[in-house]
Amino acid sequence: MPADKRDNIRLSGSAFDADMRERLLAGHPIREGEYTLPTPMMQRTYALVRELVWARRTGTVFYSSPRMGKTRCARAIRDLLRAEFPNIYVTLLSTRPSGRPNTSHMLRLILEAESHVLSKRPDPNLLFGNAVADIRVKAGRIGAKQYVLLIDEMQLLNDADLQQLVCFHNELEMQHLKMTAISFAQPEILHRRTSLLANNARQIIGRFLSDTLQFDGCCSEGDFGDLLRCYDLASEYPEGSGITYTQFFFPVAFRAGFRLETYRTALWDILHRAAGSIADQGVPMEHICLTIEDLLLSLRRQDHPGFRIDGEDIDAAVSASRLRSFSDVLN
């Protein structure tokens with residue numbers, strides 16, 4: 001039996017230690033940032049999306065400055081919708097600019113999101129037929145009468161892309177598959193909406209831009225404290241172990257009462273100050289997550305019963321998170 005399997009069987013709050021942690025560290029979601037926590041911001045956004053989907057409304061866009069957590073939220077909403085509404089077919093589409101207007105870019109994005117083998121075909125008519133047929137077939141397999149398209153970075157779509165999306169929407173509804181579109185975008189989508197209104201493009205607005213809602217980062221110390229409690233109490237790795245993220249990285253200190261939530265005021269003050277001019281929209285979720293990840297990873301070897309996080313540790317983690325975020329933008 002592989003060592004990690006043996007470890008999973010033996011894991012418990014009292015048995016878990018630093019040696020076991022190091023053996024399991026390579027697979028931890030914290031290392032890649034590939035995890036989702038039930039934060040207050042996520043829960044509020046999903047509550048809105050859930051009602052929109054249940055009522056079969058369409059055309060809602062959540063907008064915010066970069067790094068507020070829109071992409072992570074979109075992925076979480078996809079998973080939550082699939083779990084709660086198993087008879088609704090859901091696609092998450094991440095956009096990219098086409099470079100120049102063409103009649104197939106939007107259709108190709110849909111097919112790529114569905115991992116369709118014919119997504120590279122050059123003929124727009126074939127792409128359109130493939131996109132419609134693929135969604136209808138997949139929806140039919142689960143008995144779905146509703147299709148939810150989640151669009152990330154919607155501001156990158158041009159007018160030609162949006163016209164294709166209107167045609168796709170109309171064709172699905174002609175074939176008795178109701179489409180609900182929920183999008184995430186940067187604030188320039190508001191200018192695009194104004195431009196479309198001026199050009200009387202009401203079909204586009206009605207289907208995809210009828211409502212615009214601000215998507216905030218972490219806006220209060222209270223919400224931030226709830227987020228830290230997710231690391232302390234509402235997370236788990238390895239699966240089925242009952243060990244939370246904080247406990248995984250500081251097993252000895254955790255047994256002695258260490259919790260990240262204890263440091264919420266010190267962390268919040270530094271993060272809020274570092275957010276600068278955008279703090280009114282909330283502290284970017286990316287900066288928060290990168291900061292917590294840095295603290296967990298860089299300090300884990302200091303684990304002992306009296307372990308504490310000090311101001312220098314927090315300053316270093318916040319600075320590291322800003323450098324990582326800036327590096328991601330450049331790359």
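**Exercise 1. Salt bridges**

How many salt bridges does the structure hold?

*Solution.* Start with the rule: a salt bridge needs a side-chain nitrogen of Lys or Arg within 4 Å of a carboxyl oxygen of Asp or Glu. The structure holds 18 salt bridges. This is a predicted model, where local features need pLDDT of at least 70, side-chain atom pairs count only at pLDDT 80 or more, and totals for chains, interfaces and linings use all residues. Residues are numbered from 1 along each chain as its sequence is written, and side-chain values use heavy atoms, with hydrogens and water left out.

**Exercise 2. A link between distant parts**

Find the salt bridge of Arg67 with Glu286 and say where each residue lies.

*Solution.* Step one: check the distance. The closest N and O atoms of Arg67 and Glu286 are 2.8 Å apart. Step two: place the residues. Arg67 sits in the loop between β1 and α5 (70-84), and Glu286 belongs to helix α15 (residues 285-299). Helices (H or I, at least four residues) and strands (E, at least two) are DSSP runs, numbered from the N terminus. The two residues are 219 residues apart, so the pair links distant parts of the chain. Step three: is Arg67 buried, partly exposed or exposed? Buried means under 20% relative accessible area, exposed over 50%, and partly exposed in between (1.4 Å probe, protein chains only). Arg67 has 27%, so Arg67 is partly exposed.

**Exercise 3. A pair within one helix**

Which helix holds both Asp226 and Arg229?

*Solution.* Both residues lie in helix α11 (residues 221-233). They are three residues apart, about one turn of the helix. Their closest N and O atoms are 2.0 Å apart, in a salt bridge. Asp226 is partly exposed at 29%, and Arg229 is partly exposed at 32%. Now widen the view. Asp226 and Arg229 belong to a network of salt bridges with Glu221, Glu261 and Arg264. Side chains of opposite charge can pair when their charged atoms come close.

**Exercise 4. The sheet**

In what order do the five strands of the open sheet stand?

*Solution.* The order is β2-β3-β4-β1-β5, with parallel pairing. Two strands pair if DSSP finds at least two bridges between them. The edge strands are β2 and β5 (211-214), each pairing on one side only. The twist averages 20° from one strand to the next. Axes are lines fitted to C-alpha atoms, for helices over the stretch in contact, and angles run from 0 to 180 degrees between N-to-C directions. Helix α4 (residues 40-54) packs on the sheet. Helix α4 touches β1 (60-63), β2, β3, β4 (178-185) and β5. A contact means heavy atoms within 4.5 Å. The direction of α4 makes about 170° with that of β1.

**Exercise 5. Strand β2 and its partner**

How many bridges join β2 to strand β3?

*Solution.* Seven bridges join β2 to β3 (residues 146-152), and the two strands run parallel. Trace two positions. Thr91 has Leu149 as its bridge partner in β3. Leu93 stands opposite Ile151. Last step: check the cover. Six of the seven residues of β2 (residues 88-94) are buried.
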